[in-house]
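Here is a short tour of a protein fold, taken strand by strand and helix by helix. Have the model open beside you as you read.

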Amino acid sequence: MTKAAALQKFFSSFGISAYPSNTVPDETVFPWLTYEVSFGYLGDGEIPIAVHLYYHTTSEAIPNEKVEEIGQAIGRGGIVIHCDDGAIWIKRGNPFCTPQTDADRPEIKHRYMNLTLEFLTA
């Protein structure tokens, strides 16, 4: 499985649509998340990426629960997913999650998550 496919599989595992950044189809319905696609190799160190989570709701609890689910899947020490030629170590960034607001559309709940990827690949 390619690096891109491994990331897609991981981010799609949370029961909502997941798309690489800037590829959300116009007809997509809430909720969804987007993630940055960055690649590296063994020895490149941690590569920061952003994950954006979007819900159409008046509840803060609903997106917060999904953030908690994602955080638990990653764990405190990160999670290793397998790909061609090795693995990708996904870790929480700092801060892990920040709520974002849009004064014009308060019903859109947006969570900005910081993650790092470390490529353990040849």
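Let's begin with a pair of strands: β1 (residues 17–20) and β2 run parallel and are joined by four bridges. Helices (H or I, at least four residues) and strands (E, at least two) are DSSP runs, numbered from the N terminus, and two strands pair if DSSP finds at least two bridges between them. Ser 17 has Trp 32 as its bridge partner in β2. Before going further, please keep in mind that this is a predicted model, in which local features need pLDDT of at least 70 and side-chain atom pairs count only at pLDDT 80 or more, while totals for chains, interfaces and linings use all residues. Residues are numbered from 1 along each chain as its sequence is written, and side-chain values use heavy atoms, with hydrogens and water left out.

**The sheet**

Six strands make up an open sheet of mixed pairing, in the order β1-β2-β3-β6-β5-β4. The edges belong to β1 and β4, each with a single partner strand, so one side of each has no neighbour in the sheet. On average, neighbouring strands are turned by 30° against each other, direction ignored; axes are lines fitted to C-alpha atoms, for helices over the stretch in contact, and angles run from 0 to 180 degrees between N-to-C directions. In general, strands of a sheet pair through backbone hydrogen bonds, either parallel or antiparallel.

The table gathers four of the pairings, with a bridge position for each.

| Strands | Bridges | Direction | One bridge position |
|---|---|---|---|
| β1 and β2 | four | parallel | Ser 17 with Trp 32 |
| β2 and β3 | four | antiparallel | Thr 34 opposite His 52 |
| β3 and β6 | ten | antiparallel | His 56 opposite Ile 108 |
| β5 and β6 | eleven | antiparallel | Trp 89 with Glu 118 |

Another bridge position in β6 is Tyr 112, the partner of Thr 98.

How is strand β2 (residues 32–35) covered on its two faces? Trp 32 and Thr 34 on one side, and Leu 33 and Tyr 35 on the other, are all buried. Buried here means under 20% relative accessible area, exposed over 50%, and partly exposed in between (1.4 Å probe, protein chains only). Strand β6 is mostly covered as well, with eleven of its 14 residues buried.

**Two residues in β6**

His 110 sits in strand β6 and is buried, with a relative accessible area of 15%. Its side chain makes a polar contact of 2.8 Å with the side chain of His 52. A polar contact is a pair of N or O atoms within 3.5 Å; within protein, one must be able to donate a hydrogen and the other to accept it, and residues adjacent in sequence count only if both atoms are side-chain atoms. Leaving aside neighbours within four places in sequence, His 110 is in contact (heavy atoms within 4.5 Å) with His 52, Leu 53, Tyr 54, Thr 98, Pro 99 and Gln 100.

Asn 114 also has its place in β6, and this residue is buried at a relative accessible area of 17%. With neighbours within four places again left out, the contacts of Asn 114 are Ile 49, Arg 92, Gly 93, Asn 94, Pro 95 and Phe 96.

**The helices**

Now for α1, where Lys 3, Ala 6, Leu 7, Phe 10 and Phe 11 are buried. These residues cover an arc of only 125° around the axis, which puts them on the same side of α1; the arc is that of the directions from the helix axis to the C-beta atoms.

Helix α2 (residues 61–74) has 14 residues and reaches 20 Å from its first C-alpha to its last, close to the 20 Å expected at 1.5 Å a residue. That expected span is 1.5 Å times one less than the number of residues. Which residues of α2 are buried? They are Pro 63, Lys 66, Val 67, Ile 70, Gly 71 and Ile 74. Seen down the axis, they fall within an arc of 140°, so they line one face of α2. Glu 65 and Gln 72, on the other side of α2, are exposed.

The buried residues of α2 pack against α1 (3–11), β2, β3, β4 (79–83), β5 (86–100) and β6 (108–121). The helix α2 lies across β2, β3, β4, β5 and β6, running at about 150° to β5. After α2 comes Gly 75, with a positive phi near 75°.
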